[in-house]
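Me: Can you walk me through this one? I'm new to it, so please keep things plain.

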Amino acid sequence: MLSKNQIILAIVGAVVVIGSLFFVIPWYNVWQQEMSGKAEFAKAEQNRKIKIEEAKANLEAEKLNAQAEIERAKGAAEAIRIENGSITPTYIQYLWVRQQSNLNNKTVVYIPTEGNLPILEATRPLIETPKSAQ
């Protein structure tokens with residue numbers, strides 16, 4: 001069995017361990033909170049940098065889109081300058097037919113007129129429905 005000195009030594013050791021825990025645990029909690037705060041700060045800093053980079057990328061894309069639009073406008077202005085009143089009805093018809101490829105499978109009904117030019121805008125329905133069907 002255990003002697004009296006060993007029991008006293010075990011009790012004193014347990015008291016020392018428990019007493020030291022009373023001092024160590026608060027320090028550990030403070031250290032843990034400090035590390036948690038540093039981690040949150042680093043995460044916030046990284047998120048800020050990501051947003052800045054995304055904004056820079058959006059700005060660059062908008063600048064390139066603006067340059068493309070400027071070049072398109074220059075091309076259109078040059079085409080108008082070259083044509084300068086020399087547009088014939090046949091050329092207008094050609095442009096209209098070429099534009100039809102951009103309709104994405106929409107149905108277009110072409111009704112030729114006296115000049116064989118398309119009606120670009122209709123102001124009334126082609127077929128009137130009887131009033132009894134409405």
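Reply: Sure, starting with a term: a salt bridge is a side-chain nitrogen of Lys or Arg within 4 Å of a carboxyl oxygen of Asp or Glu. This is a predicted model, where local features need pLDDT of at least 70, side-chain atom pairs count only at pLDDT 80 or more, and totals for chains, interfaces and linings use all residues. Residues are numbered from 1 along each chain as its sequence is written, and side-chain values use heavy atoms, with hydrogens and water left out.

Me: OK, how many salt bridges does a search of the whole structure find?
Reply: Six. One of them joins E45 and R48, with the closest N and O atoms 2.7 Å apart.

Me: Where do E45 and R48 lie?
Reply: Both are in helix α1, three residues apart, which is about one turn of the helix. Helices here are DSSP runs (H or I, at least four residues), numbered from the N terminus.

Me: And are E45 and R48 buried or exposed?
Reply: In between. E45 is partly exposed at 25% relative accessible area, and R48 is partly exposed at 42%. Buried means under 20% and exposed over 50%, with partly exposed in between (1.4 Å probe, protein chains only).

Me: Which other side chains meet in a salt bridge?
Reply: E53 and K56 do, at 3.8 Å from N to O. Those two also lie in α1, three residues apart. Then there's K74 with E71, where the closest N and O atoms are 3.6 Å apart. K74 and E71 are again three residues apart in α1, about one turn.

Me: Switching topic: how many residues does α1 have?
Reply: It has 80 residues, running from 4 to 83. From its first C-alpha to its last, α1 reaches 116 Å, close to the expected 118 Å. That expected span is 1.5 Å times one less than the number of residues.

Me: Where does the kink in α1 lie?
Reply: At F22, shortly before the proline P26, and it is about 30 degrees. The bend at a residue is the angle between axes fitted to the seven residues ending there and the seven starting there.

Me: What follows α1?
Reply: N84, whose phi is positive, near 30 degrees.

Me: Last one: which residues form the nonpolar patch on the surface?
Reply: L2, I7, I11 and V15, with about 400 Å² of accessible area together. Areas come from the Shrake-Rupley method with a 1.4 Å probe; for residues, only the protein chains shown count as cover. Patches take residues with over 30% relative accessible area and no salt bridge, joining like charges within 9 Å and nonpolar side chains (Val, Leu, Ile, Met, Phe, Trp, Tyr) within 5 Å. I7 is partly exposed at 41%.
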